[in-house]
Amino acid sequence: MVDSLVFNVAQLLRESIGAVRHVEVAANLQHLAPELEQAEGASEATLSGPVRMIHTNTGILVQGHLYAEAALACARCLDPVAVPLAIEVEELFIPTIDVVTGKPVTPEEDDRALWIDEHHILDMSEVLRQDALLAAPVHVLCKEDCRGLCPTCGQNLNQGSCDCTPDVDPRWGPLVELLKQTK
Ligand SMILES: [Zn+2]
Ligand SMILES: [Zn+2]
């Protein structure tokens, strides 16, 4: 799949205020936001959806509803967990060059992620990366009572127990001995 996050808005900036473009945005979630704890071996997730670009008197207003079904790693056993990510985008992108005169303009916006570059390229990657990270839960579990992995052998304890002796809190030692004797 080819990522589609970058748009040339030169033509739109030349049109009258209020002119609109409808585009379809798509990105491989792994490319877009490698920071997301995606489960290993899970199929690739695509963040996609319709986006509207509107020429305003200050720049290009981008509005869209994007969706991805991410496969995030369970915080305990690392199994994939399907997590829906719904992202509402509404950002104003600002030109750094006047499309008519070709002269540089100083954007009244400090966040460079919202700058349209000198070639009139509007790049949504950074905005969508941040939105995806915000939309994703910090901590996902495959189920409430996931038993996780054995810290010694790595066995997935949801699939069965292993032969490792669990570490016993030394304070329980005498009680464990007592239990052994009564067996
Ligand atoms: Zn789990
Ligand atoms: Zn074990």
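When I say that two residues touch, or are in contact, I mean that they have heavy atoms within 4.5 Å of each other. I should also say at the outset that what we are looking at is a predicted model, and that everything I describe today is computed from that model.

With that in place, let me begin with Asn156, which is found in the loop between helix 3 and helix 4, the latter covering 173–182. If we set aside the residues up to four places away in sequence, Asn156 touches Cys77, Asp79, Gly148 and Leu149. Is Asn156 buried or exposed? Its relative accessibility is 9%, and because buried means under 20%, Asn156 counts as buried. Its side chain also reaches the backbone nitrogen of Asn158, at a distance of 2.9 Å.

Let me now step back to the division of the chain, which is split into domain 1, covering 6–146, and domain 2, covering 149–183. Taken over C-alpha atoms, the centres of domain 1 and domain 2 are separated by 48 Å. The contact between them draws on eight residues from domain 1 and four residues from domain 2. What area do domain 1 and domain 2 bury between them? The value is about 340 Å², with 41% of it on carbon and sulfur atoms. As for particular interactions across this boundary, the count between domain 1 and domain 2 is zero salt bridges, and the count of residue pairs in polar contact, with both at pLDDT 80 or more, is likewise zero.

That brings me to salt bridges in the structure as a whole, and here the question is how many there are. The count comes to three salt bridges, and I would like to take them one at a time.

One of them pairs Arg21 with Glu15, where the closest N and O atoms are 2.6 Å apart. Arg21 is partly exposed, with a relative accessible area of 28%, and Glu15, at 27% relative accessibility, counts as partly exposed too.

Another salt bridge is formed by the side chains of Glu35 and Arg129, at 2.4 Å from N to O. Where do these two partners sit? Glu35 lies in the loop between helix 2 (29–32) and strand 3 (46–55), while Arg129 lies in helix 3, residues 125–135, so the pair ties together parts that are 94 residues apart in sequence. Glu35 has a relative accessibility of 41% and counts as partly exposed.

Arg129 appears again in the remaining case, since its side chain also meets that of Glu126 in a salt bridge, at 2.9 Å from N to O. Here the setting is local: Glu126 and Arg129 both lie in helix 3, three residues apart, which is about one turn of the helix. Glu126 counts as partly exposed, at 29% relative accessibility. Through shared partners, these salt bridges join Glu35, Glu126 and Arg129 into one network.

Next, a few words on cysteines. A disulfide is a covalent bond between the sulfur atoms of two cysteines. In this structure the number of disulfides is zero. Of the cysteines I can describe, Cys150 is buried, with a relative accessible area of 8%, whereas Cys153 counts as partly exposed, at 45% relative accessibility.

I would like to finish with two residues that lie in strands. Leu47 lies in strand 3, and at 1% relative accessibility it counts as buried. Leaving aside neighbours within four places in sequence, Leu47 is in contact with Val25, Ala26, Ala27, Leu29, Leu32, Leu66, Tyr67, Ala68, Ile87 and Leu128. Val6 is 41 residues from Leu47 along the chain, and their C-alpha atoms are separated by 14 Å.

The other residue is Glu91, which is found in strand 5, residues 80–95. Glu91 counts as partly exposed, with a relative accessibility of 25%. With neighbours within four places in sequence again left aside, the contacts of Glu91 are Ile60, Leu61, Val62, Leu114 and Val127. Between the C-alpha atoms of Glu91 and Leu133, which are 42 residues apart along the chain, the separation is 16 Å.

Notes: Residues are numbered from 1 along each chain as its sequence is written. Chains are lettered from A and ligands numbered from 1 in the order in which they are written. This is a predicted model: local features need pLDDT of at least 70, side-chain atom pairs count only at pLDDT 80 or more; totals for chains, interfaces and linings use all residues. Side-chain values use heavy atoms; hydrogens and water are left out. A disulfide is a pair of cysteine sulfur atoms within 2.5 Å. Buried means under 20% relative accessible area, exposed over 50%, partly exposed in between (1.4 Å probe, protein chains only). A salt bridge is a side-chain nitrogen of Lys or Arg within 4 Å of a carboxyl oxygen of Asp or Glu. Helices (H or I, at least four residues) and strands (E, at least two) are DSSP runs, numbered from the N terminus. Domain bounds come from an automatic or database domain assignment. Buried area is the accessible area (1.4 Å probe) that two parts lose on being put together, summed over both. A polar contact is a pair of N or O atoms within 3.5 Å; within protein, one must be able to donate a hydrogen and the other to accept it, and residues adjacent in sequence count only if both atoms are side-chain atoms.
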